[in-house]
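The following exercises are to be worked with the sequence and the model side by side. Each task is followed by a solution in steps.

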Amino acid sequence: MDPVELFHDVAATVPAYRAFLAEHGIDPHNTAFHDLPLTGKDAYTRRHPLPDLCRGGVLGDMIAVSSGSTGEPSFWPRSAADERVIADRFAEVFDTFDGRSRRTLAVICFALGTWVGGLFTLNCLRHLAERGYPITVVAPGSDKREILRVIPPLAPCFDQVVLLGYPPFLKDVIDAGTGWDAWDLKLVTAGEVFSEEWRTLVCERAGIADPVRGTASLYGTADAGVLGNETPLSIELRRFLAARPSLARSLFGESRLPTLVQYDPGVRYFEEIDGTLAFTGDNGIPLIRYHIADEGGVIPYADMLRFAAGHGFTPASTGPERPFVYVFGRSHFTVSYYGANIYPENIAVGLEQPEISGSVTGKFVMEIVEDGSHDRHLTITVELAPGTAPSTDLATLAGTSILTQLRRLNSEFTAYVPAVHQNPFIRLRQTADPEYFPPGAKHRYTR
């Protein structure tokens with residue numbers, strides 16, 4: 001994709017982008033691409049009528065919905081043409097699973113309805129079926145009982161079964177089921193960073209002998225669909241780095257392990273801006289230098305292979321020869337849990353309710369904590385008001401209030417997270433706790 005050509009096309013055909021450029025005094029014929037102002041939800045999409053964000057002011061043939069920090073929906077028009085482009089990412093994943101020759105039952109375990117993941121995945125897989133892939137799709141959505149009800153009678157009709165969903169939910173499904181190794185299971189995940197220990201454990205429980213070629217993670221956003229996907233090459237590299245935190249730090253700037261995917265520069269153009277990501281791409285809403293604020297960066301293919309070779313590692317897989325993008329998380333300010341973005345504002349409202357506000361300072365830290373069984377939990381550490389002693393009753397009260405407000409404000413949380421895993425783990429700490437609430441330091445609400 002030539003981002004400059006797309007920019008000129010969008011400037012000429014999208015009313016909102018023309019207005020955006022005019023507001024910034026930009027002449028599209030006399031401005032270099034990298035001098036263009038960044039767009040984003042607050043700076044661009046939320047400031048214009050939805051039709052004006054589309055070419056010719058005309059909405060696409062389908063609209064998906066995502067929720068922000070206040071629970072107010074964001075709408076993302078798209079068309080079948082957009083999905084056909086994104087279907088290429090699914091095709092690459094299913095090619096790794098020998099999906100062109102093996103009869104495949106694809107089980108959609110993402111939430112269905114207006115949410116982006118479920119129907120988007122369903123449509124992309126049906127595009128693959130149109131291309132001749134022997135794929136049959138069943139869509140029980142995020143209903144674990146229905147998933148476990150439909151797979152046993154269907155799976156014997158196929159050569160393999162592919163589950164597609166958010167990582168912790170797929171683990172829940174696998175832990176609750178039996179007989180997975182009889183059905184040659186594969187996993188496609190999205191929405192969250194997970195450890196390589198998690199991948200290994202889940203593959204062992206699912207009877208997946210080769211984690212490199214039996215799993216794949218997608219990097220996507222509601223704004224633009226799938227932006228990149230894991231390949232056997234990227235997984236091999238990630239597993240190599242997972243065992244070598246010092247090398248990961250030298251490559252990524254941090255020892256924690258990001259999601260590592262490859263992307264097609266003919267479809268998406270990525271930029272790294274102060275340790276965060278922006279992209280340009282054609283969608284139902286065409287986006288130019290769209291700042292998604294995900295922490296991460298871009299690594300050219302040759303640089304990545306050179307780095308690996310320089311540290312004595314030669315991957316068994318050598319392609320595709322495309323650049324890499326790495327992603328630490330959704331942003332500095334959110335955590336992702338079962339694919340739902342959870343914002344500090346959601347938690348703050350829970351702690352501001354009359355029944356709890358007098359006992360806490362309002363400071364908290366939210367994080368996703370993995371236990372010894374590699375199950376993940378939404379964990380919130382709350383700072384107590386001076387003179388307040390921690391107690392089980394107070395922790396229960398805080399958790400109930402937070403959960404009530406999460407369900408009220410964050411529709412993605414309610415739709416994506418199974419009810420049994422919605423109740424947050426609450427940890428109470430004294431005022432100015434040095435680990436979580438050191439005095440004088442700028443407070444961060446996520447970890």
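**Exercise 1. Determine how many disulfides the structure holds, and examine Cys54 and Cys157.**

Step 1. Apply the criterion: a disulfide is a pair of cysteine sulfur atoms within 2.5 Å. A search of the whole structure by this criterion returns zero disulfides.

Step 2. Take Cys54, which is in no disulfide: its nearest cysteine sulfur belongs to Cys124 and is 18 Å away. Cys54 counts as buried because its relative accessibility is 1%; buried means under 20% relative accessible area, exposed over 50%, and partly exposed in between, with a 1.4 Å probe and protein chains only.

Step 3. Turn to Cys157, likewise in no disulfide, for which the nearest cysteine sulfur is that of Cys109, 18 Å away. With a relative accessible area of 44%, Cys157 is partly exposed.

A note on the source: this is a predicted model, in which local features need pLDDT of at least 70 and side-chain atom pairs count only at pLDDT 80 or more, while totals for chains, interfaces and linings use all residues. Residues are numbered from 1 along each chain as its sequence is written, and side-chain values use heavy atoms, with hydrogens and water left out.

**Exercise 2. State how many salt bridges the structure holds, and describe the pairs of Asp42, Arg238 and Arg447.**

Step 1. Recall the principle: side chains of opposite charge can pair when their charged atoms come close. A salt bridge here is a side-chain nitrogen of Lys or Arg within 4 Å of a carboxyl oxygen of Asp or Glu. The structure holds 27 of them.

Step 2. Asp42 pairs with Arg46, and their closest N and O atoms are 2.6 Å apart. Asp42 is exposed, at 57% relative accessible area, whereas Arg46 is partly exposed at 46%.

Step 3. Arg238 forms a salt bridge with Glu196, with 2.5 Å between the closest N and O atoms. Arg238 lies in helix α9 (residues 232-242) and Glu196 in helix α7 (residues 196-206), so this pair ties together parts that are 42 residues apart in sequence. Helices (H or I, at least four residues) and strands (E, at least two) are DSSP runs, numbered from the N terminus. Arg238 and Glu196 are both buried. A network of salt bridges links Glu196, Arg199, Glu230, Arg238 and Arg239.

Step 4. Arg447 pairs with Glu435, the closest N and O atoms being 3.9 Å apart. Both residues lie in the segment after β18 (425-429), so the pair ties together parts that are 12 residues apart in sequence. Arg447 is partly exposed at 49%, and Glu435 is partly exposed at 46%.

**Exercise 3. Establish whether Phe279 is buried or exposed, and list what it touches.**

Step 1. Locate Phe279 in strand β11 (residues 276-281).

Step 2. Phe279 counts as buried because its relative accessibility is 0%.

Step 3. List the contacts, meaning heavy atoms within 4.5 Å. Leaving aside residues up to four places away in sequence, Phe279 touches Ala224, Leu227, Tyr269, Phe270, Leu287, Ile288, Arg289, Tyr290 and Ile292.

Step 4. Compare sequence with space: Phe279 and Thr39 are 240 residues apart in sequence, and their C-alpha atoms are 9.8 Å apart.

**Exercise 4. Identify which residues of helix α12 are buried, and what covers them.**

Step 1. Helix α12 (residues 344-351) is mostly covered, with six of its eight residues buried. These are Pro344, Asn346, Ile347, Ala348, Gly350 and Leu351.

Step 2. The cover of these buried residues includes β15 (340-342), α13 (354-357), β16 (360-370), β17 (376-384) and α14 (392-409).

Step 3. Examine Ser401, placed in helix α14. Ser401 is buried, at 5% relative accessible area. Not counting residues up to four places away in sequence, Ser401 touches Gly350, Gln353, Glu355 and Ile356.
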